[in-house]
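Visitor: I am new to this structure and would love a tour. Could you show it to me and take my questions as we go?

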Amino acid sequence: MYISLNFVKRYVDLPEDLTPQQIAYDLTMRTVEVEDVINTADKFHDIVVGEIKSVSAHPNADALRICMVDCGVGEDKQIVCGGSNLVAGHKVCVSKPGAVVYWHGEGDPVEIKESKLRGEPSYGMICGATEVFLADYFPTEDDHEIVDFTQYGVECEVGQCVAEVVGAADIVLEIDNKSLTNRPDMWGHYGVARELAAIYKVPFKALPADKPEGLAKYDVQIDSPAQCPRYSATKIENVCVKESPVWMKTLITNAGMRPINAIVDITNFIMMAVGQPLHAFDSTHVEGEKIVVRSAKAGEKLLLLDDLDLELAEGDLVICDTKEPMALAGIKGGKKDSILDDTTSVLLEAATFTAPGIRKTSRRFDEKTDASMRYEKGIDTQRVDIGLKMALDLFKEIFPECKITAFGDAYPEATKNAEIDVTQEFLDIRLGKVLTQAEIEDILVRLGFEVAFSNGVYHCVAPTWRSTGDVSMRDDVLGDIARLLGYEYFESKPLPVNFEHSVKQPDKELGRAMREYLAFRCGFNEIFTYPWIEEKYIDAAGIDKDTCVKLATPPSPETAYLRASLIPGALEAIEKNKRYFDNFSIFEAAQVFEKGEYHPSSEDETLPIHKNMLTGAIVGDDAKTLFFQVKGVIEGIPGYCHCEGLPFVDCKEAKFVQEEKPTWADEKVWLNIVFNKEVVGSIGLLSVQALADAGIKRANAAAFEINTDKLVALPSRTNEFKHLPQFPLVDKDLSILVDESVKWADIYEAVKYMVKEVKFVEEYRGEQVPEGKKSIMLSVKIGNDDSTMNAKQIDKKMNGIMKVLGNKVGAELR
């Protein structure tokens with residue numbers, strides 16, 4: 001948001017010795033974060049008022065003229081110009097050498113230099129509005145028209161900077177919107193001025209809040225008071241569409257908006273001034289001379305100002321006449337009843353809409369407007385009176401002939417002042433500094449509170465503009481006292497910290513170890529996804545949405561559910577990355593959520609059930625290779641990360657079995673991870689259906705998902721030291737035939753005690769292998785502890801291994 005100091009000074013007289021930088025610092029330290037300080041006059045440097053003394057033809061160009069211009073530099077200067085409205089004696093906009101302009105209002109900025117145009121010297125440039133940031137002030141239909149201050153009746157002096165002429169010599173503060181989300185009163189210059197008045201202890205120029213009286217009643221009906229606690233409609237006749245005065249255009253522009261026409265500019269000016277959105281309807285298009293505020297009916301249509309045709313739903317608040325909806329309440333007006341070139345009477349809306357409904361509808365239609373942003377923060381009903389009074393005064397000023405003919409005000413519920421009791425003891429302890437009663441009352445009164453002190457208790461009545469959710473508890477009052485006093489006023493004190501013993505968190509160390517293992521040893525890339533997930537990927541993973549936690553106010557209609565698994569997020573990541581990479585590996589360690597109750601710190605804090613999960617996926621072409629790669633990654637975790645709960649060599653408590661097929665996995669290629677008779681995770685190929693539903697084309701992927709809460713981090717290392725072999729080991733390969741039903745684990749168990757090491761090499765099926773059989777190649781290392789093996793000993797050992805394999809798994813030497 002942009003805050004114009006010239007705008008602010010309409011409501012408060014700031015100390016003269018204050019610099020813009022000091023104001024920005026004080027606001028940042030006490031109220032909101034100022035991101036930048038902008039001098040709006042900077043862009044107008046060397047752009048001044050010049051008076052044309054004479055106009056003559058150019059000897060070498062019919063479209064150009066030679067002008068002698070008094071620019072306030074001591075002598076008249078010759079300037080060559082192609083303007084279509086050059087008149088001797090008129091005051092115009094001149095860019096002197098050094099000024100930066102947009103040539104014909106297009107392209108990159110250009111620095112003006114003395115030069116020659118078609119052989120004639122030219123000192124500078126007589127400019128059009130689009131060339132010097134004045135298009136909103138002096139709109140033209142002809143691109144060749146220059147800015148003629150005399151024609152517009154603008155009072156100015158030769159040599160005067162144009163920024164001063166249009167009132168653009170201003171300081172603008174750029175405010176971080178996030179820092180004032182909880183301060184709806186500060187979404188207008190009036191609120192900022194009130195805050196500065198409190199900071200600098202200077203008088204605040206409060207605005208009157210008088211209602212129109214003695215007028216015919218305009219019929220206003222509110223059918224949804226829970227969404228609209230107040231709605232006023234004022235009919236104003238004898239108006240027309242015309243340009244706003246320059247001072248208004250300047251303030252609107254400096255506040256970050258564009259002038260449109262006087263009627264619309266008045267509504268925007270009020271919103272920028274006091275934070276109260278207004279809307280003007282063409283009253284001749286309001287059927288039945290009546291306003292009805294109601295919830296939309298399912299299937300109703302509304303064409304907005306920007307030609308967006310909306311299909312409304314129940315719960316969307318709309319402003320209607322007796323026939324149909326005219327506007328999306330608090331968000332945007334409809335096209336039918338908008339201000340047109342022939343508008344002569346308007347119906348001025350000043351209303352209060354509740355934040356939840358505006359936020360929900362705005363997000364559903366993806367319509368974020370200046371009005372909706374303010375309503376979403378929560379506006380008090382009393383602000384309507386201030387905004388309406390200001391607007392009517394401006395209509396009378398800009399349209400002296402206008403008549404206010406009717407007024408209606410439906411007011412089912414007024415904003416109530418928040419009342420909070422705060423004890424002196426609470427303030428003393430929490431502030432860490434004892435303030436006197438007078439100091440506390442002075443601060444709160446400057447902020448608009450009413451304060452009564454009795455028996456050590458301050459009874460604080462917050463102003464209505466702070467009572468829509470901003471101030472609701474004693475800590476809010478404490479915060480106001482501390483910030484206005486100034487945080488630099490409090491002395492820093494070191495926190496007492498006593499280190500009595502080291503803190504070891506095996507579960508946290510295990511989580512980090514698994515992430516490092518996947519990233520460093522396995523080459524995976526870590527991803528981070530939002531806890532809410534698009535329904536498309538939930539459906540692709542085959543997860544029943546009825547089991548998921550649904551958000552009351554989701555970020556978007558498509559992301560209404562919290563993730564119950566990390567697989568949908570992995571599917572989304574695969575779909576997005578597959579466009580750029582053919583082969584890649586990803587993983588994520590995060591929480592998932594299930595229906596139920598979880599109390600992290602106290603019984604009154606209730607959240608959905610949380611689970612810590614780890615998921616990963618390898619993407620490539622060969623499905624078989626991908627599956628075994630994932631299986632190998634899982635088997636390596638216990639050894640590298642030092643934990644129990646996952647299968648590895650010689651592990652009896654954890655194993656791969658097929659018990660419950662994951663919804664996202666292929667029909668046949670999947671395995672569960674079972675630890676102590678409980679399924680703690682799964683691996684498998686992503687099914688063709690899951691890949692297709694997620695939009696993943698021409699790729700295979702294998703994935704895993706593990707409930708890391710079920711893993712057990714070992715308290716200490718149990719690695720055993722083993723001497724390197726003193727005598728050489730012998731490497732031998734065996735190629736054996738076994739039945740299809742034989743697993744590698746069975747082969748390993750049969751020979752592991754007979755060899756120093758055994759490894760799987762490959763599995764083969766083909767023409768040379770009988771049906772129902774498969775060929776397994778394994779590599780073994782054998783050796784003696786007291787001598788080097790000779791050929792006879794090697795043959796005897798290998799024969800013994802084959803005999804054992806034949807007896808236990810029915811193996812034959814191939």
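Guide: Gladly, and let us begin at helix α9, where Ala-371, Ser-372, Arg-374, Tyr-375, Glu-376 and Lys-377 are buried. Please keep in mind that this is a predicted model.

Visitor: How many of the eight residues of helix α9 are buried?

Guide: Helix α9 covers residues 370–377. Buried here stands for under 20% relative accessible area. The helix is largely enclosed by the rest of the structure, because the number of its eight residues that are buried is six.

Visitor: Which elements do the buried residues of α9 pack against?

Guide: Packing here rests on contacts, with heavy atoms within 4.5 Å. One partner is a strand, β23, and the others are two helices. Together, the buried residues of α9 pack against β23, α7 (262–274) and α8 (355–365).

Visitor: What is the phi of Gly-378, just after α9?

Guide: Gly-378 follows directly once α9 ends. Its phi is positive, at about 100 degrees.

Visitor: Where does Asp-366 lie, and is it buried or exposed?

Guide: Asp-366 sits in the loop between α8 and α9. Its phi is near 55 degrees, a positive value in a residue other than glycine. The relative accessible area of Asp-366 is 68%, and the cut-off is over 50%, so Asp-366 is exposed.

Visitor: What phi does Asp-46 have?

Guide: Asp-46 belongs to the loop between β2 (34–39) and β3 (47–58). It is partly exposed, with a relative accessible area of 30%. Although Asp-46 is not a glycine, its phi is positive, at about 65 degrees.

Visitor: Is Ser-283 buried or exposed?

Guide: Ser-283 is in the loop between β16 (278–282) and β17 (290–295). Leaving aside neighbours within four places in sequence, it is in contact with Lys-235, Glu-289, Ser-345, Val-346 and Leu-347. Its relative accessibility is 3%, and the limit is under 20%, so Ser-283 counts as buried.

Visitor: Which residues make the nonpolar surface patch of about 420 Å²?

Guide: One member is Phe-499, in the loop between α13 (474–485) and α14 (506–521). With a relative accessible area of 77%, Phe-499 is exposed. The patch is made by Phe-499 together with Val-497 and Leu-495.

Visitor: Which residues form the negative surface patch?

Guide: We can start from Glu-603, found in the loop between β31 (584–598) and β32 (607–620). Glu-603 is exposed, its relative accessible area being 62%. The patch is formed by Glu-603 along with Glu-597, Asp-604 and Glu-605.

Visitor: Now to charged pairs. How many salt bridges does the count come to?

Guide: The rule asks for a side-chain nitrogen of Lys or Arg within 4 Å of a carboxyl oxygen of Asp or Glu. By this rule, the number of salt bridges is 53.

Visitor: What is the N to O distance in the salt bridge of Asp-176 and Lys-178?

Guide: Asp-176 is buried, at a relative accessible area of 10%, whereas Lys-178 is exposed, at 66%. Their side chains meet in a salt bridge whose N to O distance is 3.3 Å.

Visitor: How many residues apart are Lys-336 and Glu-324?

Guide: The side chains of Lys-336 and Glu-324 meet in a salt bridge of 2.9 Å, N to O. Lys-336 lies in the loop between β22 (332–333) and β23 (345–352), and Glu-324 in the loop between β20 (317–320) and β21 (325–328). Lys-336 is partly exposed at 34% relative accessible area, and Glu-324 is partly exposed at 29%. Along the chain, this pair is separated by twelve residues.

Visitor: Which helix holds both Arg-446 and Asp-442?

Guide: Arg-446 forms a salt bridge with Asp-442, with the closest N and O atoms 3.0 Å apart. The two residues are four residues apart, about one turn of the helix. The helix that holds both is α12 (residues 437–446).

Visitor: One last stop: how far apart in space are Glu-572 and Lys-781?

Guide: Glu-572 lies in helix α16 (residues 567–577), and it is buried, with a relative accessible area of 15%. In sequence, Glu-572 and Lys-781 are 209 residues apart. In space, C-alpha to C-alpha, their separation is 45 Å.

Terms used. Residues numbered from 1 in each chain as written. Predicted model: local features only at pLDDT ≥ 70, side-chain atom pairs only at ≥ 80, totals over all residues. Heavy atoms only, no water. Patch = residues over 30% accessible without salt bridge, like charges linked within 9 Å, V, L, I, M, F, W, Y side chains within 5 Å. Areas by Shrake-Rupley, 256 points an atom, 1.4 Å probe, with all protein chains shown as cover. Buried < 20%, exposed > 50% of the residue type's maximum accessible area, 1.4 Å probe, protein only. Lys, Arg positive; Asp, Glu negative; His and termini not counted. Charge placed at Lys NZ, Arg CZ, Asp CG, Glu CD.
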